[in-house]
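Below are my notes on the model you sent round. They are numbered so that you can reply point by point.

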Amino acid sequence: MEKQQGMVVSGYGGFYQIRLPDGQIVNCKPRGRLKKTFSKIYVGDRVAISFLSDGSGMIEDIHQRRNFLPRPNIVNVDQILIVLAWRMPAYDLLLLDRMLVIAQKAAIQPLICFNKIDLLDDNISQYQKIKDAYTRAGFSVFAVSATQNTGMDELRAALSHGTTVMAGQSGVGKSSLLNRLLPEENAEVGDVSERLRRGRHTTRYTRILQLPDSNDGFIADTPGFFIIELPADFTAEELAQYYPEFATAAPCRFESCLHHREPDCGVKEAVAAGEIDQDRYQRYLRLLSEIQEREVQYR
Ligand code: GDP
Ligand code: ZN
């Protein structure tokens, strides 16, 4: 029997919708033995399917996953679009740094998106300073307004390959951005989308939708993504490796340097010289002490 490879784009009541490379969506059931082995199937899974005579399909194999994001469950994610609002709610850079660390730890490419840039008023230099700090650190930063439809072309280009999920506080404009990015028929607004998504039985459905004008650019319609806990096994020693700009500093005297109280620290020297953003370094120290306090508790 000939098998075809596809991606799980949604799943409802025991059925899964599989997208084939040509864009066709096939409604599939998992083969009985997959259920027996308790193999869960998640949105984003790459699977092999066979066809039944009625045109529906049977999921035969689930391929190895590159990563897994919980609540809502989604796998094989390539990018996380971290959405912040310029105002309402005010942006929180400690939260941003935390999410950048979490994304990199999960080996998922983070992108930074400042929404509600129409509320910038005369704070352009304040935004420019933040943008510079993160751009110099090696991240892509986008400034958009979902309501004014500005900055969207650059953002679309960055999402045109792979699967992207959005993350960020409630109210920053994730649903509004989704509506801008997707064609009318997929778009759902505010309360309505939330009700549909939760369904009658408070089940949360996740879908992966193809972005228009792209062959392999997908976005998950999960405006609920909001992971802020560093993984439980996260160590103080590994934190610095998720600050790409630290790698450009001169080597520290101690290989195990946490760039805090140690003497002859290349990172601290680079901060003093203005080569590493002072504020981001201060927030690094905040996260470092949080991890250290946690390590003391669990020792
Ligand atoms: P979510 O909770 O992240 O999905 O945020 P929503 O998309 O529901 O947006 C929350 C509120 O912010 C809504 O009232 C939107 O109209 C508003 N909003 C979204 N994007 C923008 C924007 O670019 N500028 C302004 N001024 N308001 C926006
Ligand atoms: Zn150091």
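1. Strands β2 and β3 (residues 25-30) are paired antiparallel, with 4 bridges between them. R19 faces I25 of β3 across this pairing. The two strands make a hairpin with 5 residues between them, and G23 in the turn has a positive phi of about 100°. Note that this is a predicted model, and every value in this note is to be read in that light.

2. On its other pairing, β2 is joined to β1 by 5 bridges, again antiparallel. Here S10 stands opposite Q17 of β2. The hairpin of β1 and β2 has 2 residues between the strands, and G13 takes a positive phi near 45°. Strand β2 (residues 15-19) has 4 of its 5 residues buried, so the rest of the structure largely encloses it.

3. β1 also pairs with strand β4 (residues 46-51), in the antiparallel sense and over 4 bridges. M7 is set opposite R46 of β4 in that pairing. β4 in turn pairs antiparallel with strand β5 (residues 57-62) over 5 bridges, and I49 stands opposite I59 of β5. A hairpin with 5 residues between the strands connects β4 and β5; G55 in the turn has a positive phi of about 95°.

4. Which residues touch the most other members of the largest nonpolar core? They are I74, I80, L96, I112, F114 and Y134, out of 33 residues in that core. At least two residues each are supplied by β1 (4-12), β8 (79-85), α2 (93-105), β9 (109-115), α3 (124-136), β11 (161-167) and β13 (216-220). The largest share, 6 residues, comes from α2.

5. I80 can serve as a check on the packing. Leaving aside residues up to four places away in sequence, I80 touches L69, A103, I108, Q109, P110, L111, V165 and A167. There is also a second, separate core of 25 residues, which includes I102, A249, C257 and L288.

6. Is the geometry of α3 regular or irregular in length? For its 13 residues, 1.5 Å a residue gives an expected span of 18 Å, and the end C-alpha atoms are 18 Å apart, which agrees. The buried residues of α3 are Y127, I130, A133 and Y134. Viewed down the helix axis, the buried residues of α3 fall within an arc of 125°, so they line one face of the helix. I124 and S125, on the other side of α3, are exposed. After α3 comes G138, with a positive phi near 105°.

7. Aromatic contacts deserve a separate entry. A search of the whole structure finds 11 aromatic pairs. One of them is F234 with Y242, a tilted pair at 5.8 Å centre to centre and 45° between the planes. The label follows from the cut-offs, because planes under 30 degrees apart count as stacked and those over 60 as edge-to-face. F234 is buried, with a relative accessible area of 2%, and Y242 is buried as well, at 10%.

8. Ring pairs also link W86, Y91, F114 and Y127 into a cluster. Two of these names recur from the points above: F114 is listed among the core residues that touch the most other members, and Y127 is one of the buried residues of α3.

Definitions and conventions
Residues numbered from 1 in each chain as written. Chains lettered and ligands numbered in written order. Predicted model: local features only at pLDDT ≥ 70, side-chain atom pairs only at ≥ 80, totals over all residues. Heavy atoms only, no water. Phe/Tyr/Trp six-rings, centres within 6.5 Å; stacked < 30°, edge-to-face > 60°. Buried < 20%, exposed > 50% of the residue type's maximum accessible area, 1.4 Å probe, protein only. Core = buried A, V, L, I, M, F, W, Y, C linked by side-chain atoms within 4.5 Å. Contact = heavy atoms within 4.5 Å. Expected span 1.5 Å × (residues − 1). Arc of directions from axis to C-beta. Pairing = 2+ DSSP bridges.
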